[in-house]
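Open the model in your viewer, set it to a cartoon display, and keep the selection tool at hand. The stops below go from the whole chain to single side chains.

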Amino acid sequence: GQVRHDSEIEKAQRLISEKLALVGWDRAQLPKEPKGHPMKIRIAQEMREQSTMSVKWIANELSIGSWTYLNKLLCRQRLSNT
């Protein structure tokens with residue numbers, strides 16, 4: 001239980017770090033950027049597709065604000081892609 005949860009967190013954090021490195025950001029950059037920055041939303045979308053982490057956890061890790069705000073942004077993004 002706990003070991004598996006810890007490895008999911010590590011996997012998710014590694015995924016975030018990889019995505020940030022691709023755009024030349026590091027974790028210190030996240031709080032400096034706007035909460036609804038398109039790059040943060042793109043990373044959050046990929047996190048939802050590739051990990052089991054909650055929207056609440058992702059919003060916190062990416063400095064997006066509340067999980068409800070992230071949920072709204074993700075929903076809006078999905079609708080614009082259809």
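Begin with Leu15. Leaving aside neighbours within four places in sequence, Leu15 is in contact with Glu46, Met47 and Gln50. Leu15 sits in helix H1, and with a relative accessible area of 11% this residue is buried. Draw a distance between the C-alpha atoms of Leu15 and Met47: it comes to 7.6 Å, although the two are 32 residues apart in sequence. Keep in mind while reading such distances that this is a predicted model.

**The whole chain**

Now zoom out. The chain has four helices and zero strands, in the order α-α-α-α along the sequence. Its radius of gyration is 12 Å, close to the 12 Å that the globule rule gives for 82 residues, so the chain is as compact as a globular protein of that length. The C-alpha trace spans about 35 × 25 × 20 Å along its principal axes. Colour by accessibility, and 35% of the 82 residues count as buried. Of the contacts between residues at least 6 apart in sequence, 53% join residues at least 24 apart.

**Helix H2**

Select residues 38-50, which form helix H2. At 1.5 Å a residue, the 13 residues of H2 should span 18 Å, and the end C-alpha atoms are 18 Å apart, which agrees. Show the side chains of Met39, Lys40, Ile41, Ile43, Ala44, Gln45 and Met47: these are the buried residues of H2.

Stop at Lys40, in helix H2. What is the nearest side chain of opposite charge to Lys40, and how far away is it? It is Glu33, 7.0 Å away, and Lys40 is buried yet has no salt bridge. Display what surrounds Lys40: beyond its neighbours within four places in sequence, this residue is in contact with Trp25, Leu30, Glu33, Pro34, Lys35, Leu62, Ser63 and Ile64.

Move along to Gln45, also placed in helix H2. Gln45 has a relative accessible area of 18% and is buried. With its neighbours within four places in sequence left aside, Gln45 is in contact with Leu74, Gln77 and Asn81.

**Helix H4**

Follow that contact to Leu74, which belongs to helix H4. First select the helix itself, residues 67-81. At 1.5 Å a residue, its 15 residues should span 21 Å; the end C-alpha atoms lie 21 Å apart, which agrees. Which residues of H4 are buried? They are Leu70, Leu73 and Leu74. These cover an arc of only 95 degrees around the axis, which puts them on the same side of H4. Helix H2 and helix H3 (55-61) are what the buried residues of H4 pack against. Turn the view around to find the exposed residues Arg76 and Leu79, on the face of H4 turned away from its buried side.

Return to Leu74. At 4% relative accessibility, this residue counts as buried. Not counting residues up to four places away in sequence, Leu74 touches Ile41, Ala44, Gln45 and Arg48. For a distance to another part of the chain, pick the C-alpha atoms of Leu74 and Val55: they are 9.7 Å apart in space, with the two positions 19 residues apart in sequence numbering.

**The salt bridges**

Side chains of opposite charge can pair when their charged atoms come close. How many salt bridges does a search of the whole structure find? It finds two.

For one of them, select Lys19 and Glu46, whose side chains meet at 2.6 Å, N to O. This pair links distant parts of the chain: Lys19 is in helix H1 (residues 2-22) and Glu46 in helix H2, 27 residues apart. Glu46 is partly exposed, with a relative accessible area of 22%. Glu46 was also met at the start of the tour, as a contact of Leu15.

Then select Arg27 and Glu61, whose side chains form a salt bridge at 3.1 Å, N to O. Arg27 lies in the loop between H1 and H2 and Glu61 in helix H3, so the pair ties together parts that are 34 residues apart in sequence. Are the two partners buried or partly exposed? Arg27 is partly exposed, with a relative accessible area of 31%, whereas Glu61 is buried at 18%.

Key
Residues numbered from 1 in each chain as written. Predicted model: local features only at pLDDT ≥ 70, side-chain atom pairs only at ≥ 80, totals over all residues. Heavy atoms only, no water. Helix = DSSP H or I, 4+ residues; strand = E, 2+ residues; numbered from the N terminus. Expected span 1.5 Å × (residues − 1). Buried < 20%, exposed > 50% of the residue type's maximum accessible area, 1.4 Å probe, protein only. Arc of directions from axis to C-beta. Contact = heavy atoms within 4.5 Å. Lys, Arg positive; Asp, Glu negative; His and termini not counted. Salt bridge = Lys/Arg side-chain N within 4 Å of Asp/Glu carboxyl O. Rg over C-alpha atoms; globule rule 2.2 N^0.38 Å.
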